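This report is meant for someone looking at the structure for the first time. It begins with the interior and then turns to particular residues and the backbone.

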Amino acid sequence: MMIRRTHVAHAATLLALAFFPACGGKGEGTGGPPSSKPPSPSESGGEHGAVTVREIDLWIQENATVEAPQDLGKTRIEALVPTGGGQWQTIEGTAKADGSVVIPGVPEGPYVLRVGEFEYVYTSARVVDLGVAIGGRKDAPRATVDPTKLVLDITNLAPWQARDDIQLFVPSSGAGQRMFGSGSGAAENWPAVGDTKLDRFTVNWSGLPWGSLIDASKGDVLTVSQLSQQTSASGVPYAIVTRFASFDDITQTDGSTVSKSGAFTSVPSNLSVSLDVPTTKFKSQVAAVNSKAVDQGTFVEIRTRPGNKYAPVGAFATLLTLGIAPGSADMNLGTIPYGNPYPAAWGSFVYVLHFVRVDYTAPGGATPWSDFGVISFDRDVASVGPQPIEPPLSPVQNLEVNGKSAFSDQTGVTRTPRLSWTAPAVGKATHYTVEILKPSGDSFGTFVALLHTKDTQLELPPRILDGVSAFYVRVQAHASEVDITTHPHRSAAGAARADVLSNILVP
């Protein structure tokens, strides 16, 4: 479970970047409040210095939130306790009948909770909850047979334009996807310019990141919307939802082909938002990510889904999307009208992403690769007014490895180096996430480890860098209401993130 989530979080970040040639990564992604279930006396960690680790997921639908305890019995969980001089004591956890794991004899004070093979939490907490918040039904199975097809014939499409898009969303099951235009290959039989209907528009449901099968008997409703290109009064292109259709009688089975026909209705642009995007504020942070960083642009979206305040994992619906190319001047679009065909009770939020590319070549390696740094945040749409949309958090400063700048290639850093940094110059970070990555010979680095901490320094525990000949680190500064020392997989609405990427480091 933890291995899967760690890789999903990393993959989601990369997928988000690809989308906007959109969304957040870790993003964008895991969230929710602490479970409402209080720890029992035996879970409190007080007896014999025990630490209790549990995992209570929250499944969030429009009208219900379901707690789902997970069994950690097959997950390797242990406490690493620093004993001085670079030495660590390892204390293994013991699985309990309720699915939790108890680690006995952990001294009061800081320790590192190791979860699975890849994840480390620097904490002093006596109870840690590894649960996440997930949009949709707990019992919604994923499409696994390729292909599992959905074929749509829908009339009353707004006259199709070259950069229009189609998005699908099933709020009760958590399924959905923007198709990202006819050049993406995510669907077949795209409309031609000027068309006014979807004709055999075909989506392979098994290819969606959030591809839960639709089941009408469970109350699943498929919504289909068209994002149409517009131009602001200042000449800036953007897209909003102009057409909407919903279907409450679709049931899919794995490997099936389901066809559905209907008609779009028009979506009135009866809402508005003021968008003033000072791109120079974002561009000024590019060099702080890495001196070699290359600006990749800024993206702004208004999104909605059930459970917005929990920032759950899963699909969402985009109401407005705007892409600003790298190098563009500050943009004030003024007041932009848009519509929202989804329930107003869900709320909506503005998501802003600025990302940069860093190119790498490993020592002695012939295959270069690239990785990405992100400056992103979201806020309730009601809080966005005439004031500029500026990043509330900047990257960490002075990233060092064993006291030397991590922005220069280094050798001989050892397999248990000390990483340190200073707090961001803009905003207040509540915690940090450190990713350890290594060259893969592919287009991205390979994930090695994920570490969570509230401190501005950490010493890598043993074994993380075993067998690693070269690596680099991504340090993410976060601002969130959630305490990651007790809930490392949670975030909440209104979160912000800013990345730094090191140069190549050799043990």
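The largest nonpolar core has 67 residues, and those with the most contacts inside it are Ile436 and Leu451. A nonpolar core is here a set of buried Ala, Val, Leu, Ile, Met, Phe, Trp, Tyr and Cys residues joined through side-chain atoms within 4.5 Å, where buried means under 20% relative accessible area, exposed means over 50%, and partly exposed covers what lies in between, for a 1.4 Å probe and protein chains only. Leaving out residues up to four places away in sequence, leucine 451 touches, among others, Tyr120, Tyr122, Val434, Ile436, Leu460 and Ile464, a contact being heavy atoms within 4.5 Å. A second, separate core of 27 residues includes Trp160, Leu208, Leu213 and Ala245. In soluble globular proteins, nonpolar side chains tend to be buried together.

The model is a predicted one, in which local features need pLDDT of at least 70 and side-chain atom pairs count only at pLDDT 80 or more, while totals for chains, interfaces and linings use all residues. Residues are numbered from 1 along each chain as its sequence is written, and side-chain values use heavy atoms, with hydrogens and water left out.

Rings of Phe, Tyr and Trp (its six-membered ring) pair if their centres lie within 6.5 Å, and planes under 30 degrees apart count as stacked, over 60 as edge-to-face and the rest as tilted. By this rule the count comes to 14 aromatic pairs. One of them is the tilted pair of tryptophan 369 and tyrosine 472, with 5.9 Å from centre to centre and 40° between the planes. Tryptophan 369 lies in strand β26 (residues 369–380) and tyrosine 472 in strand β34 (residues 472–479), so the pair ties together parts that are 103 residues apart in sequence; helices (H or I, at least four residues) and strands (E, at least two) are DSSP runs numbered from the N terminus. Tryptophan 369 is buried, at a relative accessible area of 3%, and tyrosine 472 is buried as well, at 0%. Elsewhere, Phe169, Phe244, Tyr342 and Trp346 form one aromatic cluster.

Arginine 415 lies in the loop between β29 (410–411) and β30 (418–422), and it is partly exposed, with a relative accessible area of 37%. Although arginine 415 and aspartate 466 are 51 residues apart in sequence, their C-alpha atoms are 7.0 Å apart in space. Apart from neighbours within four places in sequence, arginine 415 is in contact with Pro461, Leu465, Asp466, Gly467, Val468 and Pro507.

The backbone also calls for attention. Most residues other than glycine have a negative phi, and most peptide bonds are trans. A cis peptide bond, with omega of about 5°, joins aspartate 146 and proline 147, and proline 147 is found in the loop between β11 (133–135) and β12 (149–155). Two asparagines have a positive phi although neither is a glycine, and they are set out below.

| Residue | Phi | Loop | Relative accessible area |
|---|---|---|---|
| Asparagine 156 | about 65° | between β12 and β13 (165–170) | 36%, partly exposed |
| Asparagine 189 | about 65° | between β15 (187–188) and β16 (197–204) | 42%, partly exposed |
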